[in-house]
Amino acid sequence: MTRILPNILRGLKLKTKITLGVAFMLVFCGLGIGLILSNMSSKALLEEGRKRGMALTSGLAFRLAEPILAIDFLQMKNLIDNVHNQYEDVIYVFLTDNNGNVLSHTFSGGFPTDLLLINLGEQETHPVLLSTEQGLVYDFYARVILGERNLGTVRLGLSRQIMDAQIQRQRMTSLFSTFGVVGLGIILALWFAHTVTYRLNRLRESAEEVVRGNLNVHAGFSLEKNCWEIMDCEREECPAFGDTQRRCWYLAGTLCPDCKGQEYPHKMESCRACPVYKYNFGDEIQDLAEAFDVMAVTVKRHIEELTEREKTISRQQGLLKTIMNVTPDFITLQDRDLKYKFASKAFCDYFNLREEEIIGQTDFEIFSEEQADLNYHEDKQILITGKPLSKEISFNRPDGQKWLHVIKVPVYDKVEGIIGLLLTARDISMLKKYQEQLIQSQKMEDLGRLAGGVAHEINTPLGIILGYTQLLLEDIRDEDLLDDLRIIEKQTKVCRKIVADLLGFSRHSQSASEPVDINESLAEVIKLVEHVFSLNHIKIYKNLDENIPPLTGDKERLRQVWLNLLNNAADAIAQDGVIYVKSKLCSHRQRLVVSISDTGKGIKEEHLSKIFDPFFTTKQVGKGTGLGLSVSFGIIIDHGGKISALSPPPMEYLPEDFPKSDNFGPGTVFLIELPLDQKEEIETEDNNGKHCRT
Amino acid sequence: MSKQLFFLFIILSLFLLSSCGQGEDSIEVSLEKREEITFRPQLPALTYAYLPQYSHTESFQRHHRLVEYLSDQTDLAIRQVFPDTFDDHINMFGQGKIDISFSNPFIYVKLANRFGAQAMTRIIEQDGMAEFRGQIIARADNHDVQTIEDCRDKSWVAVDPSSAGGYLFPLGHFVDRGLNLEDFREVVFAGGRQENVILGVYAGLHDIGSIREGSLRVVEDKIDINQIKIIDNTRSYPGWVYAYSPRLTKETVEKIREAMLKLDYDNSEHKALFDAARFIGFIPSSDQDFEPIRELSQKVGLDLD
């Protein structure tokens, strides 16, 4: 019971609670007071009745003294009859002398002798209440005393019915009065509850609106008179002027003479004496509602500011995020426990992890134990010493060796000192590659210069050797000697060829400058080797762009290039293969591209960077000098172009439907780019309307 | 806290509910069960009556102690009876309903003359006198009335036509001085009250007044009695007397007389009796003591037979 009641009460609305509470209090107090008053008045009425009965009896006893002394029965009878007849509620009166003889009575038809046995003046309570056939009767007893002499006793019976009826009437009156007062009280309580809860409901609705995000609420009531009307103020620049929603004492910076620029609540001391405050201040609920309005307005302003700041922060965050995500550099932030707080997208992608798999983890959960241990000690060293670290690391990946430039710096906090570690790492593999290429180029250049110098120095003695050898060949007739001399001549020529190639590589050879039709030179070379190659079942396909204009160059040397490349292709194929020669004009780049692809055994990746080195060969000893590609490289460079190799070649560098032999290898394509003459205005694009690719 | 409130509420409720009942016990009595009853007759006794100068209750209160004393002393059953009027007293004496009569001397003379009543004792008044007299008074500033002779043609207020000290004694006194009733301008009676006579004179309504000696003391707290002068005093006459019925035996009478004479005001046991009766003693008396009364009655034309 004691738990059910609070549960029921808790579910009731405040208005119902107030009304019920007041009603209960009123009913309880009303009925309580009504009962007490009713009981008091009942007792008073009874007491009054008893006193009246007693007064009647005593008066009668007083008046009966003379008739008793005179033994005047007529007067006795008259006196008691007079009282009996005068009062409706007097049931009986009788008089006895001091010996108990009934001297006179009002009964007719005998005397109820029971009355003589009771109420003989010995009872403590007086009068005695008798229950008779005529209802409850108070039996009063009064002695007729003269001096100290008892002359007799008067007994008077007073009906309680009239008293009870009076009490009943009074109780009904009390009851109806109580109900009236309680009813009125309940109506007042309803009005009061309505007044209170209406304002609270407004406040609640306003609060709900605020929860829903609408801060334009007005929980307080509009004023009859606003501050500027009360003060007859016309200062429109005052923040309170025209603001009907907020009370002026909540506003900062009001221009009242007493405010002195103070803000709420510091200005309240002066505001309490202000006529505006005295006129407009309300009760606690009104204060609450108004404070709520002010709070809503203030919160709205703060939220607007916060929203603006949030937008700015969000914008900056987005920007930062974009930068972080777009930057190819690895950026991570670790806390003092070396747990990752941030990891850039590049870092995640590189290690093929999602950001959420990294955040909160340490290196031990991400990397190998060895690497993590290395990092751990390194990181701890930085955290302890506060000294940043910069290093380059390399490691092997399935797609080749990778180089990273790693910088680790401690992150400081104004209060706590070092709070973490920022790592930035950049993939410098390409840089490293370029460095290697630069070194290679430098090496090639040095080598070319050396070779050119050596060749140049050797060329003269060789010419002398060859010249004298040929002179000896003319002078000597001994066949054996002649054979030897011929061998010397031949080998000297071989040497001179080598020297000539070396000179060609080092650009020390003579070069002609004439218009060259690339397609034509290609066709001539193809024609030259086509038959020989066909003996080894090597088929040459060609796809030459007719739009290629002639360019200025050394025709012979270019033919040498084509020949070298075709020979290399045929050597790579050995038996049964296809060589695909394609020329293409890249008008927008002012270049032409010649690609010579084969279906040969291809070039290993590690060899790709070395194939243009002099004397680098994968052929068997005696099969090549290792200078063919070097010479071709030199010739193309001389023409301002570039030469490169791809193995295996992309499909676009192979013919569409060529017969594939059993030993069809990965193949190789050599790409030669040559610049067009600057004067040429080439408008033609390739057949597909797309730009050419190199 | 809520539990304490709950208990407080329960206690309050019980308290309030407890005030609902009347809580009076009644005794079952039947008013229907009736019997005819008869008065039990009183035992025979000597009857004692005090001339009804006052109400019965006053008479009772003054004399019931004396009656009880006499009854105790004489071993006789004596009961006080209460005649309503003087005539009733006389008649009852005549009818034998009164055996011992205490009356003023005029009534006694009537009882003696009519029914043979005999004086037994007289009382000594509180002023120590067994006799009393009347006084003729006037306002002290009334210089027209200085002597009895000056009372002629004056307005006379007397107590009552049957008052001894307040009318009959002064009238006898006037007659002795040659003034009869017709010699006064008017004779007015004050309804039996001595105080009214004094106040009537004091107020100037009447020139002279007649009162029993000693009455002026009764009004000294009401008026300045120095404003009243006494013109003359009458002669003294015997006062109140106890008489007995001729039906009583001599022995009974003697018992009673002896008991009366035995009473002593100085005896503390008797003092209360005397105080109630408003006198202080008894002296023996006989019928001869009342001859002056008989003479007076003849003088003033009063019929005492």
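**Entry 1: the strand β9 of chain A**

I count a residue as buried if 20 or more other C-beta atoms lie within 10 Å of its own, with C-beta atoms placed from the backbone. With that cut-off I turned to β9(A) in this predicted model, and I found the strand hardly covered, since the count of buried residues among its 9 residues is 0.

I then looked up what β9(A) pairs with, and noted that 9 bridges join β9(A) to β10 of chain A, residues 400-413, the two strands running antiparallel. The link between β9(A) and β10(A) is a hairpin that passes through 2 residues. For the register I wrote down two facing pairs: A:Leu389 is opposite A:Lys408 of β10(A), and A:Ser394 is opposite A:Trp403 of β10(A).

**Entry 2: the sheet that holds β9(A)**

Where does β9 stand in the order of the sheet in chain A? I read the order as β8-β7-β11-β10-β9, an open sheet of 5 strands of chain A with antiparallel pairing. The edges are taken by β8 (340-343) and β9 (389-397) of chain A, and because each has a single partner strand, one side of each is left without a neighbour in the sheet. I also looked up the twist, and neighbouring strands of this sheet are turned against each other by 20° on average, with direction ignored.

**Entry 3: a sheet shared by two chains**

Next I followed an open sheet of 6 strands, whose order I noted as β2(A)-β1(A)-β6(A)-β5(A)-β4(A)-β1(B), with mixed pairing. Its edge strands are β2 (102-105) of chain A and β1 of chain B, each of which pairs on one side only. On this sheet packs helix α3 of chain A, residues 73-86, which touches β1 (90-97) and β2 of chain A and whose direction makes about 155° with that of β1(A).

At the place where the chains join within this sheet, I found 2 bridges between β4 of chain A, residues 128-132, and β1(B), with the strands running parallel. Here A:Leu130 is opposite B:Ile27 of β1(B), while A:Ser131 is opposite B:Glu28 of that strand.

**Entry 4: the contact between the chains**

How many residues of chain B are in contact with chain A? I noted 28 residues of chain B, in contact with 31 residues of chain A. On the side of chain B that touches chain A, the elements giving two or more residues are β1 (27-28), β2 (34-35) and α2 of chain B, and the largest share, 5 residues, comes from α2(B). By class, the residues of this side of chain B divide into 9 nonpolar, 9 polar and 10 charged.

**Entry 5: two helices that cross**

Last, I looked at helix α2 of chain A, residues 14-70, and helix α2 of chain B, residues 56-74, whose axes come within 9 Å and cross at roughly 70°. Angles of 65 to 115 degrees count as roughly perpendicular, and α2(A) and α2(B) are therefore roughly perpendicular to each other. The contact is made by A:Ala65, A:Glu66, A:Leu69 and A:Ala70 of α2(A) together with B:His56, B:Thr57 and B:Phe60 of α2(B). Sorted by class, the contact of these helices has 4 nonpolar, 2 polar and 1 charged residues.

Note on methods:
Residues are numbered from 1 along each chain as its sequence is written. Chains are lettered from A and ligands numbered from 1 in the order in which they are written. This is a predicted model: local features need pLDDT of at least 70, side-chain atom pairs count only at pLDDT 80 or more; totals for chains, interfaces and linings use all residues. Two strands pair if DSSP finds at least two bridges between them. Helices (H or I, at least four residues) and strands (E, at least two) are DSSP runs, numbered from the N terminus. Axes are lines fitted to C-alpha atoms, for helices over the stretch in contact, and angles run from 0 to 180 degrees between N-to-C directions. Angles under 35 degrees count as roughly parallel, over 145 as roughly antiparallel, 65 to 115 as roughly perpendicular and the rest as oblique. Two residues are in contact if their C-beta atoms, placed from the backbone, lie within 7 Å. Ala, Val, Leu, Ile, Met, Phe, Trp, Tyr, Cys and Pro count as nonpolar, Asp, Glu, Lys and Arg as charged, and the others, Gly among them, as polar. A residue is buried if 20 or more other C-beta atoms lie within 10 Å of its own, exposed if 12 or fewer, and partly exposed in between; C-beta atoms are placed from the backbone.
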